[in-house]
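Please open the structure in a viewer and follow the stops below in order. Each stop gives a selection and then describes what is found there.

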Amino acid sequence: MKQQRQAKNKKNAKPTGGMDAQKKFYIGLGVIVLTYLIIFAYTYSPKLEHHIVDNVYYYVTGSCMEQGLGFINGDIQQTILGNYPPGYPAVIAVVRAFGGEIPALNVINGLFLLFSLVMLYYLFYEITDKNFFLSFVTVMMLTTNPSITHFANTGRAELSCMFFTMICFCFFYKLLQQKQFNRNYFLILLAVSISATIVYFTKFQAAIIYPTLFLSIICIIIANTRNKNNEQTRPSNKLYIASFVGILVIFIASYYPWAQYLENRKDLIPPTWEGFPTGGNSLTTKMDGKLMEDKYDINEWVIRFENNATIFFTKSLQSIILPMPFFIHLTPNFNDPWVASDWFVGILLFLIVLLGFFTLCRKSQLYYLIFFFIAGTICVNMLFSDRWIHNDFHRYTFGMHPFIILLFIAGLMKTISFIVAKLKVSDATQKFAPYGVVAVFLLYLASNYFPAIAEAHNYAEKPAFGAYKDFPGFSDEDMVPFQEYLQAIQWVDQNIYSKNPDAIVATRKPDIYYTYCNHRPSNFPAMGTEPDSVYNYFKKYKVNYVILDTWYAHAYSTEAPAAMKYPDNFKIIHQLGNPEKPTYILEFIPD
């Protein structure tokens with residue numbers, strides 16, 4: 001009876017330090033929210049970053065879903081984006097259904113990040129056994145980190161994925177605290193299962209959420225079985241087994257309709273051509289953009305693992321923890337050759353993170369969850385296409401960044417504590433030295449963060465169609481063709497649709513075209529299509545005009561030969577850009 005009273009008192013006890021600790025927690029929360037809102041208002045941009053392209057895919061697909069057209073690319077062929085999940089477009093469809101446009105979508109993304117930071121603050125507070133300093137400092141680092149906050153203005157799926165991941169983790173933490181089958185248990189289990197399913201359908205790389213949950217539950221069951229102490233107070237394994245089954249059943253029930261939808265409409269998913277996958281994110285895409293000749297060749301996977309491991313240790317891990325010379329959200333220049341010092345710094349940071357994990361998380365109920373989430377995210381991206389990891393490792397591992405930063409700060413403080421203990425300094429020095437080092441580190445971060453935040457503000461002030469001509473990190477060779485493509489869209493909108501609103505224009509990027517012209521175009525046939533087939537393709541879809549741009553090789557390699565073979569059927573009505581290789585707008589007049 002005495003033990004039960006002690007357990008009850010402990011359960012109902014306030015955070016360490018009484019009301020003062022509680023006050024500190026809520027004051028810290030207020031500071032985090034206020035800081036974030038100030039930064040978000042300062043850097044808010046009402047436009048899509050359409051040089052990224054896949055965010056435009058999301059926006060157009062969401063718009064089509066809102067109109068009842070289905071999960072399509074916005075072209076008249078109704079091409080399905082088989083390599084993109086439907087979760088984030090569904091969010092966009094809801095925003096659009098309430099009359100929201102791109103500015104409203106960026107506000108929603110900003111709210112996703114804000115609520116994610118709030119949930120992270122709560123999780124970190126619990127993970128660190130209510131350590132206010134560690135949880136507050138870590139979340140403030142996230143709040144002021146421009147490589148994280150800028151995602152609110154990119155129109156990508158990262159923030160919605162993080163939001164639902166944090167919901168899943170918070171409910172999973174509550175699930176672990178349940179002691180019996182009751183109404184609360186089943187409601188929490190349902191919340192975990194539904195949020196995990198949303199995470200999966202928001203970003204395919206985030207499918208690691210399921211192995212994370214399943215392996216965590218299995219390890220907890222094993223640990224629970226081996227632990228013979230506190231048999232009266234510890235939860236029954238039946239609860240965990242029921243949780244495992246419940247999450248699995250809801251996943252299968254939600255995945256099957258989506259798989260059937262793709263199967264029924266697979267004829268609308270673009271084919272491959274000349275060894276290049278249309279989806280881009282194909283698991284078997286090599287660094288040169290071509291598909292693996294033999295996906296079972298172990299040497300191909302070893303090469304990929306070596307490439308991705310090099311990027312992770314020499315570039316990506318540093319970009320997560322340390323401020324590097326990159327503009328806002330952009331990852332470090334992965335095209336720069338690595339040097340030996342990059343490996344040294346990367347491995348050192350990794351060891352500090354490991355130290356932080358074993359120091360901090362072994363005390364937490366979320367020990368297995370954090371381990372499998374971080375380890376799984378790294379492993380998945382080690383085997384993902386190095387063509388895309390090469391430039392997007394930072395983005396693909398975005399979900400684990402907050403946990404990496406928390407573990408780094410914890411490991412750094414543990415390292416400093418160990419060093420000063422060996423130096424035999426005073427007790428006061430041993431106590432405050434770790435905090436002093438972290439304070440200096442934060443000042444170092446601030447000296448890099450705030451100039452980048454100012455740069456984000458200047459970028460946000462630029463108009464949508466002119467924001468990229470001086471975009472840092474992109475050369476004229478990269479951006480001028482893109483600018484010409486946007487100018488061609490504007491010209492068509494102003495000079496063709498005013499006379500013929502029903503005109504059909506063929507373009508390589510129907511998503512971008514539809515976003516900024518609000519007319520559904522025709523897509524191009526697959527790259528490498530013969531001129532006669534190109535001609536018949538345009539005739540089949542009753543194309544009236546063709547944009548022959550220099551932004552992608554597709555137009556000049558596939559459509560240009562058809563125009564040269566049938567000069568009487570393709571007439572130049574406008575050109576712009578470099579006279580040696582201009583962007584053409586052609587009128588197509590079939591026989």
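Begin by selecting Phe-357 and Tyr-367, both of which are buried (under 20% relative accessible area, with exposed over 50% and partly exposed in between, for a 1.4 Å probe and protein chains only). This is a predicted model, in which local features need pLDDT of at least 70 and side-chain atom pairs count only at pLDDT 80 or more, while totals for chains, interfaces and linings use all residues. Residues are numbered from 1 along each chain as its sequence is written, and side-chain values use heavy atoms, with hydrogens and water left out.

Next, select Tyr-122 and Tyr-173. A search of the whole structure finds 43 aromatic pairs (rings of Phe, Tyr and Trp, the last by its six-membered ring, with centres within 6.5 Å; planes under 30 degrees apart are stacked, over 60 edge-to-face and the rest tilted). The ring centres of Tyr-122 and Tyr-173 are 6.3 Å apart and their planes lie at 70°, so this pair is edge-to-face. Tyr-122, at 22% relative accessibility, counts as partly exposed, whereas Tyr-173, at 7%, counts as buried. Returning to Phe-357 and Tyr-367, their ring centres are 5.1 Å apart with planes at 25°, so that pair is stacked.

Then select Phe-524, Tyr-535, Tyr-537, Phe-538, Tyr-541, Tyr-566, Phe-570 and Phe-588, which form one aromatic cluster.

Finally, select Lys-581 and Tyr-556. The charged end of Lys-581 sits over the ring of Tyr-556, 5.0 Å from its centre (the criterion is NZ of Lys or CZ of Arg within 6 Å of the ring centre and within 35 degrees of the ring normal).
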